Structure formats: C-alpha cells, structure tokens
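Load the model in your viewer and keep the selection panel open. The stops below go from a pair of strands to a pocket.

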Amino acid sequence: MLQNSKAFSSFSVDDIEKAREFYQLTLGMEVKDSDMGILELRIAGSTPVMIYPKVDHQAATFTVLNFPVDSVENAVGALGVKGVQFEHYTDKDFKTDEKGIFRGEGLVIAWFKDPAGNILSILETK
C-alpha cells in the first residue's frame, strides 16, 4: 500500500525565522513558506523536508537530516567560513578529528546543529 507513496521527513524547531535564515542563507537551500507557518526545504532530487514550529521543541538527539557531498573536507571548510560549528565526539567508535570529521570504515562524515539544536550531517558519497 505505501510502497508507491512519496514519503517525506519533518522535524520541529523553536524559532521558524531563525530556521529560515539558517537553511536559506547559511546553507544556501531553497526554502518555501507553506501553510500554518511551516517551511519546506526544497532539496534537489528529493521530496521536500518540512520544518514546523513547536513551542515546547526539544532538539533531536540523533541526525535528522543528512546531506551527501563529494568532499566532507571541502564542505566543512566552506560551511565553517559561514559560521557553522562542527560537533566533536570523543567516543572511541565515532571519534572526530580537530575539524569535527569522522573517518572510519570507509565513512567520512561531519555533524553540526541547526539553530534549534537539531543534528544534521554532511557525508561523502564516493
């Protein structure tokens, strides 16, 4: 029944205007207004991701959105110039380097947070 459905993801934020500014200006994404104060992130080749305001928002403790890139190293540099701060993890299974990049078992990934504290990632697609 759902195998042909065009599913989409959504997550909450505590300040929709800060979210709009971050996703549109900092990350350079197309952001559209939708009904009831909801934002739609338009991502190439994907269904829109919905961002909705929530008064009692609590940031996700897991990655809510992953952005595949050709080079995590280059993306970390470019986003860092725009003020994006990358997370640093010391866990033995996910230890990141000084730039906040995890390199392990063929996976290259870096995590960062949006203004609402939700965790996002960039990961290599080689």
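Two strands count as paired if DSSP finds at least two bridges between them. The model is a predicted one.

Begin with strand 7, residues 107-113, together with strand 8: the two pair in the antiparallel sense over 5 bridges. For a single contact in this pairing, select F112, which stands opposite L120 in strand 8. Then move to the hairpin that strand 7 and strand 8 form, where 5 residues lie between the strands. Pick G117 there and read its backbone torsions: phi is positive, near 90 degrees.

Now select strand 8 alone, residues 119-124. Is strand 8 mostly covered or uncovered? It is mostly covered, with 5 of its 6 residues buried.

Next add strand 5. Strand 5 and strand 8 run parallel and are joined by 6 bridges. Within strand 8, L123 is the bridge partner of P68.

Keep P68 selected and turn to the largest pocket, which holds about 280 Å³ of space. The lining comprises 15 residues, and P68 is one of the closest to the pocket centre, along with L27, M29, F67 and V69. Two elements each give two or more residues to this lining: strand 5 (63-69) and helix 2 (72-81). Which element gives the most to the lining of the largest pocket? Strand 5 does, with 5 residues.

Last, colour the lining by residue class. The count is 12 nonpolar and 3 polar residues, with no charged residues.

Key
Residues are numbered from 1 along each chain as its sequence is written. This is a predicted model: local features need pLDDT of at least 70, side-chain atom pairs count only at pLDDT 80 or more; totals for chains, interfaces and linings use all residues. Side-chain values use heavy atoms; hydrogens and water are left out. On a 1 Å grid over the protein atoms alone, a cavity is a set of points where a 1.4 Å probe fits but cannot get out, and a pocket is an open set with protein on both sides within 12 Å along at least five of seven lines; lining residues have an atom within 4 Å of a point. Grid points are joined across faces, edges and corners, and a volume is the space filled by probe spheres set on the points. Helices (H or I, at least four residues) and strands (E, at least two) are DSSP runs, numbered from the N terminus. Ala, Val, Leu, Ile, Met, Phe, Trp, Tyr, Cys and Pro count as nonpolar, Asp, Glu, Lys and Arg as charged, and the others, Gly among them, as polar. Buried means under 20% relative accessible area, exposed over 50%, partly exposed in between (1.4 Å probe, protein chains only).
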